[in-house]
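Reader: Before we discuss the model, I would like each label to be set against the rule behind it. Could you take me through it in that way?

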Amino acid sequence: MAETERNRAQVTESIEQFDVVIVGAGPCGVTLANHLGLYGVRTLIVDRSSEILDYPRAVGMDDEALRSFQTVGLAELLLADMIRNVPARYHTAGGWCFAHVHPQEQPFGWSRRNLFIQPIAERTLRRGLDRYEAVRLDLGVSLLTLDEESDGVLATLERADGTTYAVRCAYLVGADGGRSTVRGLIDVRLDGKTDAARWLVVDMQNDDLDSPYSSVFTHRHHPRMSIALPYGHRRFEFRLPDTESDEAAVVPERLEERLRLFYGAGPRRANVLRARVYRHHSRIAERFKVGRVFLAGDAAHLQPPFFGQGMNSGLRDATNLGWKFAAVLRGLAGPRLLESYEVERHDHARKMVNIATMFGKLYSPGSRALEIARDLFFRVVQRQPRLRDYVLQMKFKPIPRYTEGLVLPATDPTREGIVGRMFMQPLVETADRQQVKLDDALGPWFTVIGIGADPSTAMSADSRKFWADLGANLVQVRSSRSEEAAASDGVIVIEDLMGAFRDWRRARPTIRFIVLRPDRYVAAVAGDNELDSVSEQLRSLLRT
């Protein structure tokens, strides 16, 4: 014990310097590290565990997350281990399927419901870090202390053997889960509640159940669900009665009783891989940022799994933070840009917590009257095409819309709802006749898009210099197989292969130019003679 205490006191004299230190190497932290690596930001990511945790966690990844991974070149690698475009069916206690969710639309270029096995995905994400010399991953390392200085943060870290070392960084991110050490050190409260109900989560392997979709069986007292996963795996979840202990729930005989609800009493290949009991949390941190320290993922917000958005919300945090760190650290934007992280992410994270909590009540109505009302409502939905499409296409999922931060809200009512939202991602054709998703043609940084117009000829030399100094790409979208004149030097030309830009502008004829942020949210839009004004306003926001 004395030796350990001495080791802790012997902090290395030579203190390494990083731009960003990330505490927590789960999906959120490693996603952020991949984005920072892409932009060449010197990054240290640490995790107290020496291995990827191997127990039931997230199983669903949405289209927004895949678009983020597309930016860092990992989307297809991750999809290789996923089941894409998986439907979900919701049943009443009597067995009637009152909702069949099977979204076919892909506005952001990827399918909306994709199922995966988290440890496999995490290995892919960590391998992605090997591409970046600027990123280092230290495992078996815990954060002991952090002290904010005038120009950065001093963090003391402890290895598994008890030795310690110190690092300095410009910014530190806590992506270290619901029991976040970082959140405790900066004294941020996690507001909300923990549901008294407990859920048994059972992961199976060698599954042979003929049910290639997610199934939810709602019930006032005993809701349960089944989720088909890749490589012959399946997840079951059962709400436990108050009278049953955690220990009794995982006894093999009791597990078998529950599994027969799905498999029946006959022989099967499937066997139990693991079983654990969980309580669900609906909580959000009062702050996502204190000085130079940030919170992301489960360290910032916790939600029940019923909507499948817990991990995805954390990935949105990482995508929002990555390019902002890069812009500030490169000197392309003032430090105030980082203030927009909390402004943009806190409200949406709270909405996702609330809707996930609401879904839990949908699964298990508190009374027979509520159960009847829910079933009646969905019978009406089945008879209304627009309402049915709203459910079928998952249009009920709240999509972030930023009204503050690096956005120029539209003053023209005809442009409402465009700025601050994620932009579409159709297929386009490049100058060398390659058919690609839009983002692959734009590059991973700021972009000024002109629909049927060359952005460089619509702005002054001063505006062109601003965008060049920022490193933005200028892009002209042409109608498919058009005979338009050659674009200016340095302007990327793409063809509107599927007519998506044509139809988009037809609905918004006053918009000619679109400014996209690196996270693919619309920072501003402009008409034919407005690009100089928009450029100046964005320059002012970035300099602030």
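Reader: What makes strand β12 and strand β13 a pair?

Author: Two strands pair if DSSP finds at least two bridges between them, and strand β12 (residues 214–217) is joined to strand β13 (residues 224–229) by 4 bridges, so the two count as paired, in the antiparallel sense. One of the partnerships is that of V216, whose bridge partner in β13 is M225. The strands themselves are DSSP runs (E, at least two residues), as the helices are (H or I, at least four), and both kinds are numbered from the N terminus. This is a predicted model, in which local features need pLDDT of at least 70 and side-chain atom pairs count only at pLDDT 80 or more, while totals for chains, interfaces and linings use all residues. Residues are numbered from 1 along each chain as its sequence is written, and side-chain values use heavy atoms, with hydrogens and water left out.

Reader: Which strands are the edge strands of the open sheet with the order β5-β4-β12-β13-β14-β11-β15-β18?

Author: That open sheet has 8 strands with mixed pairing, and its edge strands are β5 (97–101) and β18 (301–302), each of which pairs on one side only.

Reader: Which strands does helix α10 lie across, and how is the angle to β15 defined?

Author: Helix α10 (residues 339–363) lies across β4 (88–91), β12, β13, β15 (271–285) and β18, where contact means heavy atoms within 4.5 Å. Axes are lines fitted to C-alpha atoms, for helices over the stretch in contact, and angles run from 0 to 180 degrees between N-to-C directions; on that scale α10 runs at about 125 degrees to β15.

Reader: Why is strand β10 called mostly covered?

Author: A residue is buried under 20% relative accessible area, exposed over 50%, and partly exposed in between, with a 1.4 Å probe and protein chains only. In β10 (residues 164–174), 10 of the 11 residues are buried by that rule, and therefore the strand is described as mostly covered.

Reader: Which strands pair with β10, and in what sense?

Author: Strand β1 (residues 16–23) runs parallel to β10 and is joined to it by 7 bridges, with I22 standing opposite V173. Strand β9 (residues 152–159) pairs with β10 in the antiparallel sense over 6 bridges, and A155 has V167 as its bridge partner. The hairpin of β9 and β10 has 4 residues between the strands, and within this hairpin G162 takes a positive phi near 95 degrees. Strand β17 (residues 293–295) runs parallel to β10 over 3 bridges, with V293 opposite L172.

Reader: What can be said of strand β22 by the same rules?

Author: Strand β22 (residues 473–479) has 5 of its 7 residues buried, and is likewise mostly covered. Strand β21 (residues 447–451) runs parallel to β22 over 5 bridges, and V448 stands opposite L474.

Reader: Why do F377 and D489 fall into the accessibility classes they do?

Author: F377, placed in helix α11 (residues 368–382), has a relative accessible area of 47%, and because this lies between the two limits F377 is partly exposed. D489, in the loop between β22 and β23 (491–496), counts as exposed because its relative accessibility is 79%, over the upper limit.

Reader: How do you know that there are cavities, and how many are there?

Author: On a 1 Å grid over the protein atoms alone, a cavity is a set of points where a 1.4 Å probe fits but cannot get out, and lining residues have an atom within 4 Å of a point. Grid points are joined across faces, edges and corners, and a volume is the space filled by probe spheres set on the points. By this rule the count comes to 4 cavities of 30 Å³ or more.

Reader: What lines the largest cavity?

Author: The largest cavity holds about 100 Å³ of space, and its lining includes E64, S68, T319, M422 and D519. α3 (63–71) and α9 (310–329) are the elements that give two or more residues to this lining, and α9 gives the most, with 5. Its residues divide into 5 nonpolar, 4 polar and 3 charged, where Ala, Val, Leu, Ile, Met, Phe, Trp, Tyr, Cys and Pro count as nonpolar, Asp, Glu, Lys and Arg as charged, and the others, Gly among them, as polar.

Reader: Which element gives the most to the lining of the second largest cavity?

Author: α3 gives the most there, with 4 residues. The space in the second largest cavity is about 70 Å³, and H35, R67 and W323 are among its lining residues.

Technical notes:
1 Å grid on protein atoms, 1.4 Å probe; cavity = no way out; pocket = protein on both sides within 12 Å on 5 of 7 lines; lining within 4 Å.
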